[in-house]
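Biologist: I'd like to zoom in on a single part of this protein and go through it slowly. Could you walk me through it in plain words?

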Amino acid sequence: MFRRGIPHLLLLLFLPSFSSAAAQSGADDAYKAERKQAVALFNEQKHLEALPLFEDLAVKNPNDVDVLVGLGACLIDHSATLADEDAAKKERVRAREYLLHAKQLGSTNGLLLNLLDLLPADGSIRHQDNAEVDKAIQAGEAAFAKRDYDDAIKNYSRAFELDPHNYAAALFIADGHFSKRDFPKAQEWYERAIQVNPDTETAYRYEADMLTKNGEMEKARTRAIQAVVAEPYNAVTWRGLAQWANANRVQLKSIHINTHTVMSQNADDGPQINPKTSPEAIAIWILYSGTRVRWRKEEFKKHFPQETQYRHSLAEEGDALSITAQFQLKPGVSLDSIDPDLSLLKRLYDAKMIEPYVLLNAADQGIAQDYAAYRAQNRPRLEEYLSQFVVPPTSAKP
């Protein structure tokens, strides 16, 4: 994910008009009035006007979480207007300190967490390789922070003309139209950004948020799912999916199969199966552990001759789970009564969703290395897995 463009995230960030915790900490009426004014300006996207108010409020009450979030966000916006790169970096570092303090005080705001994920600790940003493109993007960012969206779109469009494969430029043009509330044009450019790079999550997520705000929940659901498929190991995408679920008053399903098996770090040591598992289930999970032992000793080298060191792979986990799922029970015996995890495994196997499950809900560092190649050939299946097993249907009354 490119780092320039963090101010665009603030389009999605709103602060409550007042919270009881803040009321207790900022007891005097003057503080309450100033805070109310700052929050109102912030929610109107007038971040530069809100900045001095948040600065003053943070001095008066350094533990007001909403003030800290507002101040950090406004400082990020302000950094985009600074021509001096060192000064801009210092501004972003200061913003990150306020956001971290808000998190330490207990804030779980999803967009606060997104800002912290995207904002480098040293305040640096990634520049475009082409100097002319970078200059146009910088000019667009400065105009965007000042809410001059027409000028921002003009500069971003210049960058896109210079480099029609520039994802950031296409995305930022969409953000400019979104800020102007020209939603059809914003959607057009979000989809243009997706065409430029379907494996970057941001345009999917931003379009999903726009569609959610406009009540187009089914389309938003699709885009939120596609954001996860683009970058499943980025926590930002799952928070975006949860945001859609919250707007629809539904709960994402937590999918996890407990294999009751612990594999030793030493490949020569055998696996351990939880002794509390029922005897019938142990007899089945032995198939899983045995398959994994075989992969460690023999199969990995056969399937990955170019790799010098063993790793846990999608091929191994998929094979072990699939072999386990094919175990035949005695007539009249219910998988649910033996082990609900085996019942879930059987459902995934019958739906041909073992591999998507492994990649999206059971991946480790080894398995994650296989994701890009699988996604290139199986994107629809990954999306279908999330739609069928993880994301509930759109609710009737969001």
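Biologist: Which residues in helix 18 meet which residues in helix 20?

Modeller: Happy to, but keep in mind that this is a predicted model. Let's start with the helix 18 side: Glu355, Pro356, Tyr357, Leu359, Leu360 and Asn361 take part in the contact. Their partners in helix 20 are Tyr371, Tyr374, Arg381, Leu382, Tyr385, Leu386 and Val390. If you sort the residues of this contact by class, you get ten nonpolar, one polar and two charged.

Now for how the two helices sit against each other. In general, you describe a packed pair of helices by the angle between their axes and by how far apart those axes are. Here, helix 18 covers residues 354–361 and helix 20 covers residues 371–390. They pack at an angle of about 95°, and their axes are 8 Å apart. Angles from 65 to 115 degrees count as roughly perpendicular, so helix 18 is roughly perpendicular to helix 20.

How about confidence? The pLDDT averages 89 over the protein, and 90% of the residues score at least 70. Residues 20–24 are a stretch to treat with care, since their pLDDT is below 50. In the model, that stretch has four contacts beyond near neighbours in sequence.

While you have the structure open, have a look at the empty space too. Searching the whole structure turns up four cavities of 30 Å³ or more, and the largest one holds about 110 Å³ of space. Its lining is made of 14 residues, with Arg205, Ala208, Asp209, Gly240 and Gln243 nearest the centre. Helix 6 (110–118), helix 11 (202–213) and helix 13 (235–247) each give two or more residues to that lining, and helix 13 gives the most, with six. By class, the lining of the largest cavity has seven nonpolar, four polar and three charged residues.

Definitions and conventions:
Residues are numbered from 1 along each chain as its sequence is written. This is a predicted model: local features need pLDDT of at least 70, side-chain atom pairs count only at pLDDT 80 or more; totals for chains, interfaces and linings use all residues. Side-chain values use heavy atoms; hydrogens and water are left out. On a 1 Å grid over the protein atoms alone, a cavity is a set of points where a 1.4 Å probe fits but cannot get out, and a pocket is an open set with protein on both sides within 12 Å along at least five of seven lines; lining residues have an atom within 4 Å of a point. Grid points are joined across faces, edges and corners, and a volume is the space filled by probe spheres set on the points. Helices (H or I, at least four residues) and strands (E, at least two) are DSSP runs, numbered from the N terminus. Ala, Val, Leu, Ile, Met, Phe, Trp, Tyr, Cys and Pro count as nonpolar, Asp, Glu, Lys and Arg as charged, and the others, Gly among them, as polar. pLDDT is the predictor's confidence in each residue, from 0 to 100. Contact means heavy atoms within 4.5 Å. Axes are lines fitted to C-alpha atoms, for helices over the stretch in contact, and angles run from 0 to 180 degrees between N-to-C directions. Angles under 35 degrees count as roughly parallel, over 145 as roughly antiparallel, 65 to 115 as roughly perpendicular and the rest as oblique.
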